[in-house]
Each structure stands twice: as C-alpha cells, then as structure tokens.
Amino acid sequence: QVQLVESGGGLVQPGGSLRLSCAASGSVFSIYVMGWYRQAPGKQRELVATITHSEGRTNYADSVKGRFTISRDNAKNTVYLQMNSLKPEDTAVYYCKTSGTATGDAWGQGTQVTVSS
C-alpha cells in the first residue's frame, strides 16, 4: 500500500557528502515514522536514523551521530538523509523504511553508497 523510491546514492571519496532522498506514495496517510537502514555485504541490516512524521523527533545510530542528519518534508511525503564526513565504513546499501498504523512497514529497494579513494 506504500511504495518507496530511494535516490541519491553513488561513489564518493572519504570525507565527502551525499544526500539520499526517499519519496513515499500510495497509502501514506497513516505513516508515523520514517527512517533509513543500511546493509553492508556479509552483515545484518542496521538502523541508521529515524524521524517521526508529526513532531520531527529524530534518532541516530551512534556510528553516524554528528555526521548524518535525517529530515522530512511531509508535504512531499519525502524523507532525506544528509551524509557528511563519509567514511569507508559507511559503504552499504541504504534502505528507506516507513511504518504506518494502517499499512504496516514498507521498504524501498535500496540505493548503493560507496565511500572509497
């Protein structure tokens, strides 16, 4: 019922920046939290950041605090992840996720972020 499309991934050098976007469509009316997860090869998927739909309350993994910023534009049904001071350890496929009271969880297809010299 909710479709998510991520964009903005790519290849950057250490210390560089990227901004990821996730546009939600479909039955978006009941979404109460939006977030980003990532998964590196051979590792489990991990939470990166979340933001509540109504108040904009944010939560971050310790590994990205001070470097990443999550934000949202409710009018556009879009959530963003601004990633600064990128490290090789940030290399992963990044997935957008939303949770809705009426629709449950929805996941995007993922976008590749590679941090390398």
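**Exercise 1. Work out how much of the contact pattern in this predicted model comes from residues 24 or more positions apart.**

Solution. Start with the contacts in the chain that have a separation of 6 or more. Of these, 51% are between residues 24 or more positions apart. Next, look at what the chain is built from: it has zero helices and 11 strands. Read from the N terminus on, then, every element is a β: β-β-β-β-β-β-β-β-β-β-β. Now check the overall size. The radius of gyration is 14 Å, close to the 13 Å that the globule rule gives for 117 residues, so the chain is as compact as a globular protein of that length. Along the principal axes, the C-alpha atoms fill a box of roughly 45 × 25 × 20 Å. Finally, 43% of the 117 residues count as buried.

**Exercise 2. Find the order of the strands in the open sheet of four strands, and say which ones stand at the edges.**

Solution. Step one is the order, which is β1-β3-β8-β7, with antiparallel pairing. Step two is the edges: β1 and β7 each have a single partner strand, so one side of each is left without a neighbour in the sheet. Step three is the twist. Direction ignored, neighbouring strands here are turned by 15° against each other on average.

**Exercise 3. Take strand β8 and describe its partners and its surroundings.**

Solution. First, one partner is β3 (residues 18–26), which pairs with β8 in the antiparallel sense over six bridges. You can pick out single bridges here: C22 is matched with V79, and A23 with T78.

Second, turn to β7 (residues 68–73). This strand also pairs with β8 in the antiparallel sense, over six bridges. One of the matches is D73 with T78. So T78 turns up in two bridges, with A23 and with D73. β7 and β8 form a hairpin with four residues between them, and N77 in that turn has a positive phi of about 50°.

Third, ask how enclosed the strand is. Five of the six residues of β8 (residues 78–83) are buried, so the strand is largely enclosed by the rest of the structure.

**Exercise 4. Track down the residues with the most contacts inside the largest nonpolar core, then follow L81 outwards.**

Solution. The largest nonpolar core has 29 residues, and W36, L81, M83 and Y94 have the most contacts inside it. Where do the core residues come from? β1 (2–7), β3, β4, β5 (46–52), β7, β8, β9 and β11 (111–115) each supply at least two. The most come from β3, with four residues.

Now zoom in on L81. Leave aside its neighbours within four places in sequence, and its contacts include L18, L20, W36, V48, F68, I70 and Y94. Two of those, W36 and Y94, are again among the residues with the most contacts inside the core.

**Exercise 5. Sort some of the salt bridges by whether their residues are buried or exposed.**

Solution. A search of the whole structure finds six salt bridges. Let's go through three of them.

- R38 and D90: the closest N and O atoms are 2.9 Å apart. This pair links distant parts of the chain, with R38 in strand β4 (residues 31–39) and D90 in the loop between β8 and β9 (92–100), 52 residues apart. The cut-off for buried is under 20% relative accessible area, so R38 at 6% counts as buried, and so does D90 at 2%.
- R57 and E55: the closest N and O atoms are 2.0 Å apart. E55 is exposed, with a relative accessible area of 56%.
- K97 and D105: the side chains meet at 3.6 Å, N to O. K97 counts as buried at 15%, whereas D105 is partly exposed at 48%.

As a last step, see whether any of these belong to something bigger: R38 and D90 are linked with E46 and R67 in a network of salt bridges.

**Exercise 6. Place V33 in the structure and list what touches it.**

Solution. V33 lies in strand β4. With a relative accessible area of 19%, V33 falls under the 20% cut-off and is therefore buried. Leaving aside neighbours within four places in sequence, V33 is in contact with T50, I51, T52, H53, K97, T98 and S99. Pick T50 from that list: the C-alpha atoms of V33 and T50 are separated by 6.9 Å, although the two residues are 17 apart along the chain. K97 is a contact of V33 too, and you met K97 above in the salt bridge with D105.

Technical notes. Residues are numbered from 1 along each chain as its sequence is written. This is a predicted model: local features need pLDDT of at least 70, side-chain atom pairs count only at pLDDT 80 or more; totals for chains, interfaces and linings use all residues. Side-chain values use heavy atoms; hydrogens and water are left out. Buried means under 20% relative accessible area, exposed over 50%, partly exposed in between (1.4 Å probe, protein chains only). Two strands pair if DSSP finds at least two bridges between them. A salt bridge is a side-chain nitrogen of Lys or Arg within 4 Å of a carboxyl oxygen of Asp or Glu. A nonpolar core is a set of buried Ala, Val, Leu, Ile, Met, Phe, Trp, Tyr and Cys residues joined through side-chain atoms within 4.5 Å. Contact means heavy atoms within 4.5 Å. Axes are lines fitted to C-alpha atoms, for helices over the stretch in contact, and angles run from 0 to 180 degrees between N-to-C directions. The radius of gyration is taken over C-alpha atoms; the globule rule is 2.2 Å times the number of residues to the power 0.38.
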